[in-house]
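Colleague: I would like to go through the reasoning behind a few of the labels, with each value set against its cut-off.

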Amino acid sequence: SLKVFRAEVVKPLRLYGVTSIKAPLGLTERVRHRWYENGKLIFASPFYNMVGGRAEGFRLWTSFSFNSIAPGTKLRLDLETEGGQLIGRAGLKTGS
């Protein structure tokens, strides 16, 4: 599951994205977060290694700082594999 949390109210605004990943035993994969603002890629994290079989699963978190976020802005966080497969997505739209 993907969750996006706003953790700071002062400028710059920092958003944190946290993913919960369950992977079967024997699966080895590299994953990363990609942050989008109004459909435009603004940040791609480095890839992180994930090895399946851990009962608790895995957590991947990244953050991004915004100087400002205009009302009505659409933010999106994708979780993808090194091969480009989308395995999770979360989004939010800022209020007015």
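Colleague: This is a predicted model, and I would first ask why D78 is called buried.

Modeller: D78 has a relative accessible area of 4%, and since buried means under 20%, the label follows for D78.

Colleague: What makes the pair of D78 and R89 a salt bridge?

Modeller: The N to O distance between their side chains is 2.8 Å, and the cut-off is 4 Å between a side-chain nitrogen of Arg and a carboxyl oxygen of Asp, so the pair of D78 and R89 qualifies as a salt bridge. D78 belongs to strand β7 and R89 to strand β8 (residues 86-93), so parts that are eleven residues apart in sequence are tied together.

Colleague: Why is R89 called partly exposed?

Modeller: The relative accessibility of R89 is 48%, and because partly exposed covers the range between under 20% and over 50%, R89 takes that label.

Colleague: How do you know that R34 forms a salt bridge with E80?

Modeller: Their closest N and O atoms are 3.8 Å apart, which is within the 4 Å required. The pair links distant parts of the chain, with R34 in strand β3 and E80 in strand β7, 46 residues apart. R34 is buried at a relative accessible area of 16%, and E80 is buried at 12%.

Colleague: What makes T19 buried?

Modeller: T19 lies in strand β2 (residues 13-21) and has a relative accessible area of 0%, so under the 20% limit T19 counts as buried; its side chain makes a polar contact with the side chain of H33 at 3.3 Å.

Key
Residues are numbered from 1 along each chain as its sequence is written. This is a predicted model: local features need pLDDT of at least 70, side-chain atom pairs count only at pLDDT 80 or more; totals for chains, interfaces and linings use all residues. Side-chain values use heavy atoms; hydrogens and water are left out. Helices (H or I, at least four residues) and strands (E, at least two) are DSSP runs, numbered from the N terminus. Buried means under 20% relative accessible area, exposed over 50%, partly exposed in between (1.4 Å probe, protein chains only). A polar contact is a pair of N or O atoms within 3.5 Å; within protein, one must be able to donate a hydrogen and the other to accept it, and residues adjacent in sequence count only if both atoms are side-chain atoms.
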